Each structure stands twice: as structure tokens, then as C-alpha cells.
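Reader: I should like to learn how the features of a protein model are read from its coordinates. May we go through them in turn?

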Amino acid sequence: MGQHPGIHVGYVQEAFGIKGWLKIHSFCRPKEQILEYAAWDLRQGHSESSHQVDQGKVHGRGVVVHLAGIDTRTDAEALKHAEIWVSSTQLPELPAGEYYWYQLVGLDVKTVTGQALGKIERLVETGANDVLVVKGSADEAEVLIPYLPGEVVREVDLESKLMTVDWQLDFS
């Protein structure tokens, strides 16, 4: 991976066909955006290998891909469940005020009144809007906060690793 942090963009579900193709689960939106990243690092346990994407397409509800040098079903099966990572340098710049999910995970969250709510553990995609899953200490319940910039999410400060939200905890 070199000096640039990687972004986890999906994983290999299983082999597809007999010519080394792989069925992929993509975390990207739209899902086929994963095909725009030419260089993938596949991680399995403590091992990591770099691969070039040479072909890929949407297939049914998923994505299938062929990696250079993976030419048999046996080669493909060896990559089952591998995590797919790409270098952050491959990601396109976003307009001001827009963020990739990986940039938000791990941020501390506080309310506009200064109450600390915990850290963003993950985001969940729902039909209406994305939801921030915020976790305080181990014995605290998760707090679910709609990701609505301007309305609920008031400020994102990546430098300070802090998000400020207009949100009240309901203790009823």
C-alpha cells in the first residue's frame, strides 16, 4: 500500500465461471464505481497482493471482475473473501462539504451544546438518507443519527476529527 492510506471498497464473494472471474461485493455507490479503480490490493488475513483490473461489468445485482494474471477458477477461488482496498490517491476529489464515508468513520461526535456522543463507528445506507452509527463507551448503546448536512450535521472538521450535530438524546 505504500505511504498512502487505503480505503476498503468491497470484498471478493466467490469465483465466477471458469476463467478466473470474481464476483464482487462493492461498497461503492453506484456499485460499479469499484471498476474505476485500476489497482486493487487484496487482503486476506496477514497477506496482501496487488492486482490490476483488466475487465469488469455489472452482472445481475452484483459486479464481476477479471484481474490480470488470475486466469483459472482455482486462482479465483483462492481469493474468496479477500478484502478489496484501493489507495486514497485513486479517489476523485469531492466538492467542498462532501465526504467519503471512510473520512467520517472514527470522528468524535458532539452536539451543538457540547455534549460528547462518542465516535462514528460506521454509516448505514437507508432508503431516505444515510445514518451515522455513533458509539460511546463499551456499555453505552449505539446512537443513530441521520446524516443530513446543514440540518442535523452542522460541521465536519476533518483536521480536528470532530463532527458537530444538532441532535438531542432521547432518554424516555
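Author: Let us begin with burial. In this predicted model, buried residues make up 34% of the 172 residues in the protein chain.

Reader: What surface does the protein chain expose, and what share do carbon and sulfur atoms supply?

Author: The exposed surface comes to about 10200 Å², and carbon and sulfur atoms supply 51% of it. As for overall extent, the C-alpha trace spans about 60 × 35 × 30 Å along its principal axes.

Reader: How far apart are the mean positions of the positive and negative charges?

Author: The protein chain has 15 positive and 25 negative charges, and their mean positions are 7 Å apart.

Reader: Which pattern does the protein chain follow when read along the sequence?

Author: There are two helices and 12 strands. In sequence order they give the pattern β-β-β-β-β-α-β-α-β-β-β-β-β-β. On contacts, take those between residues at least 6 apart in sequence: 49% of them join residues at least 24 apart.

Reader: How should I read the pairing of strands in general, and which strands form the closed barrel?

Author: The general idea is that strands of a sheet pair through backbone hydrogen bonds, either parallel or antiparallel. Here, six strands form a closed barrel in the order E1-E2-E5-E4-E3-E6, and the pairing is antiparallel. From one strand to the next, the twist averages 45 degrees. One pair within this barrel is strand E1 (residues 6-16) with strand E2 (residues 21-26), joined in the antiparallel sense over six bridges. Phe-16 stands opposite Trp-21 in E2.

Reader: What is the order of strands in the open sheet, and is its pairing mixed or not?

Author: The open sheet also has six strands, in the order E10-E9-E8-E7-E12-E11, with mixed pairing. E10 and E11 are the edge strands, each of which pairs on one side only. The twist in this sheet averages 35 degrees from one strand to the next.

Reader: Do strands E7 and E12 run parallel or antiparallel?

Author: Strand E7 (residues 108-111) and strand E12 (residues 162-165) run parallel and are joined by four bridges. Thr-111 has Val-165 of E12 as its bridge partner. By contrast, E11 and E12 pair in the antiparallel sense, over four bridges. Two residues illustrate this pairing: Val-156 has Met-163 in E12 as its bridge partner, and Asp-157 has Leu-162 in E12.

Reader: Which residue in the hairpin of E11 and E12 takes a positive phi?

Author: That residue is Lys-161, with phi near 55 degrees; the hairpin has four residues between the strands.

Reader: Let us turn to single residues in loops. Is Glu-151 buried or exposed, and why?

Author: Glu-151 lies in the loop between strand E10 (143-146) and strand E11 (153-157). Its relative accessibility is 54%, and exposed means over 50%, so Glu-151 counts as exposed. Glu-151 and Asp-166 are 15 residues apart in sequence, and their C-alpha atoms are 7.5 Å apart in space.

Reader: Where does Ala-141 lie, and is Ala-141 buried or exposed?

Author: Ala-141 lies in the loop between strand E9 (130-135) and E10. Ala-141 is exposed because its relative accessible area is 61%. A distance of 20 Å separates the C-alpha atoms of Ala-141 and Thr-126, which are 15 residues apart along the chain.

Key. Residues numbered from 1 in each chain as written. Predicted model: local features only at pLDDT ≥ 70, side-chain atom pairs only at ≥ 80, totals over all residues. Heavy atoms only, no water. Buried < 20%, exposed > 50% of the residue type's maximum accessible area, 1.4 Å probe, protein only. Pairing = 2+ DSSP bridges. Axes fitted to C-alpha atoms, helices over the stretch in contact; angles between N-to-C directions. Contact = heavy atoms within 4.5 Å. Areas by Shrake-Rupley, 256 points an atom, 1.4 Å probe, with all protein chains shown as cover. Lys, Arg positive; Asp, Glu negative; His and termini not counted. Charge placed at Lys NZ, Arg CZ, Asp CG, Glu CD.
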